[in-house]
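Trainee: I want to test the labels against their cut-offs. Shall we take them one at a time?

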Amino acid sequence: MQWEVVIGLETHAQLNTVSKIFSGAATAFGAEPNVQACAVDIALPGVLPVMNKGAVARAIRFGLAVGATVAPRSVFARKNYFYPDLPKGYQISQFELPVVVGGSVTIQVGQGEAAYEKTVNLTRAHLEEDAGKSLHEDFHGKSGIDLNRAGTPLLEIVTEPEMRSAAEAVAYAKALHSLVRWIDICDGNMQEGSFRCDANVSVRPKGQAEFGTRAEIKNLNSFRFLEEAINYEVRRQIELIEDGGKVVQETRLYDPDRKETRSMRSKEDAHDYRYFPDPDLLPLVISADWIEAVKGDMPELPQAMRSRFQEEYALSAYDASTLTSSLEMARYFEAAAAAAGKANAKLCANWIMGDLSARLNRDGKDIAESPVGAAQLAGLVARIGDSTISNAIGKKVFEALWNGEGQSADAVIEAQGLKQITDTGAIEKIIDEVLCANQKSVEEFRSGKEKAFNSLVGQCMKATKGKANPQQVNDLLRKKLAG
Amino acid sequence: MSLSLEQVQRIALLARIEISPLEAEATRGQLNHIFELIEEMQAVDTKGVEPMSHAQDLALRLREDAATEENRRAAFQAVAPEVEAGLYLVPKVIE
């Protein structure tokens, strides 16, 4: 039987406010346990929540970025369940009237010939508070509770069940991850749990209209785990059904060591949350003026920038998409292209996506902290563009700039004498010497071995320490050998 | 509508309230009275009336995003039943 996979994602993006959603406690990661948990966060009797304007502003930014409706009026609700890292006995969330309704994210799936674009529709996004953390080991049979994270603002972003493969789910998660960082509402740090996904997965026979029973895989905090967990879960459900079994609606956890999902042994009423409007909080009202003000403060969005890069700099869709994978990279490229001139834009793109990215990767650095600034790279690219140096020498100059051996490409070229030799006389002299010393190759070439020619070019380049213009060497050498 | 005894027990479990069978019966009577009241209210025609989520017709007050709370862990943990290494200790919970 042909099966179709149905996936919906719920993503928790931690909003990068300095204080919590309903209290003035700090949200910095990595503090000592419970030093950032105030009376509201630990739910002492008599405390009241006061909403953080910064969290609302970030929700508005997100709504605008995905083309959603920002609700003029939304309501906070209590989601009731008992767990020690939730000291109130309920989580303040939004249920019937969320702050963001609808919207969509466009994703590129796959590469090369098989690549395609798809729009994933969002159901909603709502504001809520995070819970604390439970530590289960090493407290003589007890659990330790750290409430620093309790009350940290989250935006839970929910998609329609529209993804049809793990690859689509990962492409969506990556696009969303890039977007929340782009609009600067979330730091996107997945190791620290600032961006985590729950995947709702089900399968159905191809052509069937109704959805199958779904399982929810919780807390996937890397793109690789997301992909592995979905693929495992799909196989598990198909095998189960083909063996005559039935999928049970349940919550599962992914174990990355054993590469499998496992049922969380929860009681059946764990999901009876008994939501009701929180009487401590009045309806959240967002005026049209506020939305307009936030709109005026939004950066150009990745989608728009991609199209502009293709048009303005004549870049391929792939290049434009790679360069807009983060706002920092896009800004670096634009600064470099502006300094090096539009004619060198493609060369700038190549250097950023090639040597610069590789070098940043090797040193575990972000482009924002690159030792070679955009202006420096532009200077280097300009010298390659006007044939002062070859691309190969460019790599040498780049390395020197990276190591701080010069302020600019020009300074490095000057100091290390790397300027390309374009004087025909000088190159001819070198060629003569090479031909003299390599009679064997000359004879081989004359007897028809084209390979021998390349070896002679190589010898000439070596004799000039790579500074000769390779095309010029080629032309002159051919002329000499013919004569 | 009228609640069954099982439903009362389930509500008690969800709210983590321990009730004896005798209390359950009494509670059932009280809850059913409340439901009767609700039924009476539900009989009112509310077509065209916007649902109300709060008794006061006001908007939520917002505060600026600033960390204003100091670390008062020592004071809070002085009244906690058990703490260790800055953590609150509770009976073991594992899902």
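Trainee: Why is A:Ser387 called partly exposed?

Mentor: Its relative accessible area is 36%. Buried means under 20%, exposed means over 50%, and partly exposed is in between (1.4 Å probe, protein chains only). So 36% puts A:Ser387 in the partly exposed class. The residue sits in the loop between H9 and helix H10 (391-402) of chain A. Helices (H or I, at least four residues) and strands (E, at least two) are DSSP runs, numbered from the N terminus.

Trainee: What kind of model is this, and what are the ground rules?

Mentor: It is a predicted model: local features need pLDDT of at least 70, side-chain atom pairs count only at pLDDT 80 or more, and totals for chains, interfaces and linings use all residues. Residues are numbered from 1 along each chain as its sequence is written, chains are lettered from A and ligands numbered from 1 in the order in which they are written, and side-chain values use heavy atoms, with hydrogens and water left out.

Trainee: How far apart are A:Ser387 and A:Gly141?

Mentor: They are 72 Å apart, C-alpha to C-alpha. In sequence, 246 residues separate them.

Trainee: What makes B:Glu82 and A:Lys142 a salt bridge?

Mentor: The rule asks for a side-chain nitrogen of Lys or Arg within 4 Å of a carboxyl oxygen of Asp or Glu. Here the N to O distance is 2.7 Å, so the pair qualifies. B:Glu82 lies in the loop between helix H3 (73-78) and E2 of chain B, and A:Lys142 in strand E11 (residues 142-146) of chain A, so the pair joins two chains. Both ends are partly exposed: B:Glu82 at 29%, A:Lys142 at 27%.

Trainee: How many salt bridges does that rule give over all chains?

Mentor: The count is 40. Another of them pairs A:Arg359 with A:Glu399, at 3.0 Å from N to O. A:Arg359 is in helix H8 and A:Glu399 in helix H10, both of chain A, so this bridge ties together parts that are 40 residues apart in sequence.

Trainee: Are A:Arg359 and A:Glu399 buried or partly exposed?

Mentor: One of each. A:Arg359 has 9%, under the 20% limit, so it is buried. A:Glu399 has 29%, so it is partly exposed.

Trainee: Where do A:Glu312 and A:Arg308 lie?

Mentor: Both are in helix H5 (residues 302-313) of chain A, 4 residues apart, about one turn of the helix. Their closest N and O atoms are 3.0 Å apart, and they form a salt bridge. The two also belong to a network of salt bridges with A:Glu300, A:Glu334 and A:Lys342.

Trainee: What makes E10(A) and E2(B) edge strands?

Mentor: Start with the sheet. It is open and antiparallel, with 4 strands in the order E10(A)-E11(A)-E3(B)-E2(B). Strand E10 (133-139) of chain A and strand E2 (83-84) of chain B each have a single partner strand, so one side of each has no neighbour in the sheet.

Trainee: How do you know that E2(B) and E3(B) pair?

Mentor: Pairing needs at least two bridges found by DSSP. E2(B) and strand E3 (residues 87-91) of chain B have 2 bridges, in the antiparallel sense, so they pair. B:Val83 stands opposite B:Tyr88 in E3(B).

Trainee: Why is strand E5 of chain A described as largely enclosed?

Mentor: 5 of the 5 residues of E5 (residues 76-80) are buried, so the rest of the structure largely encloses this strand. In a regular strand, side chains alternate between the two faces of the sheet. In E5(A), both faces are covered. A:Phe76, A:Arg78 and A:Asn80 are buried on one side, A:Ala77 and A:Lys79 on the other.

Trainee: Which strands does E5(A) pair with?

Mentor: Its partners include strand E6 (residues 90-94) of chain A, antiparallel, through 5 bridges. There, A:Lys79 has A:Gln91 as bridge partner. Strand E17 (residues 276-277) of chain A also pairs with E5(A), antiparallel, over 2 bridges. In E17(A), A:Ala77 is matched by A:Pro277.
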